[in-house]
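Let's take a walk through this structure together, starting with one small piece of vocabulary and then moving from the whole chain to single residues.

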Amino acid sequence: NSVRHIAWTELNKRQATAKSALQKMASEDNPRMRARAIWLLAKIKGNAQSAVALASKDKDDNVRGMALRIARQHKLDVIPLIRELSGDGSALVRRECLISLRHSKSKDAPALWTKLANAHDGKDRWYLEALGLSADKQENVFFDAWVKSANLNTAAARDIIWRNRGTHGAKYLADIVLDNKTAEAEKPRYMRALDFIPKSKEKDDALARIALGAL
């Protein structure tokens, strides 16, 4: 590690004079070598955007995901990159897209989050958590956009409703709890999810519906 750090520091100092050597290294078979080279290529002044483009086309999903991390580090506009990678076959890459959307004020953010949410398979707990983190402080906006196009009668959709922390999700939690098709063993999970939703009229209405439905 110490030798690698010395080499990295020296290559970074050399900037453009190291570019050709790094470009050669970026075509190595070993994805770790490619990743290290591309990360350093991004550090060359004025070269971050081309390094991101190179990483985003890599055959290894770890390197493609790294393209988003490079873009964030260099404060590039991530929305075009998320748009490009949101349909990636790798959940790892799509998770990076979600993290890159966190706190984005782009008008395209809700639609991109919706597309990524619809790719949830109902099994990947890490992906579900990335969806929740991505929606932080914009829960209702993202959730409302997703509900318009989602099939709510799936395990994946119920996962997203369960993980949602916005007040607009309370109604749907009540729907699930009151649904006769919901297994009794599952209902406490959805009830506990209401604890994480802020106090609001939507939450009070949901709790009242559940209480009346239990009579």
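Two residues are said to be in contact when they have heavy atoms within 4.5 Å of each other. Keep that cut-off in mind, and keep in mind too that this is a predicted model.

With that in hand, have a look at arginine 163. This residue sits in helix α11, which covers residues 155–163. Leaving out residues up to four places away in sequence, arginine 163 touches Leu128, Glu129, Gly132 and Leu133. Is arginine 163 buried or exposed? Its relative accessible area is 9%, and buried means under 20%, so arginine 163 counts as buried.

Now step back to the chain as a whole. The secondary structure amounts to 14 helices and zero strands, and reading along the sequence you meet the pattern α-α-α-α-α-α-α-α-α-α-α-α-α-α. How spread out is the protein chain? The radius of gyration is 22 Å, whereas the globule rule gives 17 Å for 215 residues; the value for this chain is well over that, so the chain is more spread out than a compact globule. The principal axes put further numbers on the picture: along them, the C-alpha trace spans about 75 × 30 × 30 Å.

What about the inside and the surface? Of the 215 residues in the protein chain, 44% count as buried. The chain exposes about 11900 Å², and carbon and sulfur atoms supply 55% of that area. Among contacts with a separation of 6 or more, 61% are accounted for by residues 24 or more positions apart.

Next, turn to the largest pocket, whose volume is about 170 Å³. Its lining consists of Arg4, Ala7, Trp8, Leu11, Met25, Arg36 and Leu40. Two elements give two or more residues each to this lining, namely α1 (2–14) and α3 (31–43). Helix α1 provides the largest share, with four residues. Sorted by class, the lining has five nonpolar, no polar and two charged residues.

Beyond α1, the path leads to glutamine 15, in the loop between α1 and α2 (19–25). The backbone here deserves a second look. Most residues other than glycine have a negative phi. Glutamine 15 has a positive phi of about 50° although it is not a glycine. At 25% relative accessibility, glutamine 15 counts as partly exposed.

Histidine 103 offers another case of this kind, with a positive phi of about 65° although it is not a glycine. You will find histidine 103 in the loop between α7 (91–101) and α8 (109–117). Its relative accessible area of 35% makes histidine 103 partly exposed.

Which residues is glutamine 138 in contact with, leaving aside its neighbours within four places in sequence? They are His103 and Ser104, which brings us back to the histidine with the positive phi. Glutamine 138 itself lies in a loop, the one between α9 (125–134) and α10 (139–147). With a relative accessibility of 13%, glutamine 138 counts as buried, whereas histidine 103 is partly exposed.

Technical notes: Residues numbered from 1 in each chain as written. Predicted model: local features only at pLDDT ≥ 70, side-chain atom pairs only at ≥ 80, totals over all residues. Heavy atoms only, no water. Buried < 20%, exposed > 50% of the residue type's maximum accessible area, 1.4 Å probe, protein only. 1 Å grid on protein atoms, 1.4 Å probe; cavity = no way out; pocket = protein on both sides within 12 Å on 5 of 7 lines; lining within 4 Å. Points joined across faces, edges and corners; volume = space filled by probe spheres on them. Nonpolar A, V, L, I, M, F, W, Y, C, P; charged D, E, K, R; others polar. Rg over C-alpha atoms; globule rule 2.2 N^0.38 Å. Areas by Shrake-Rupley, 256 points an atom, 1.4 Å probe, with all protein chains shown as cover.
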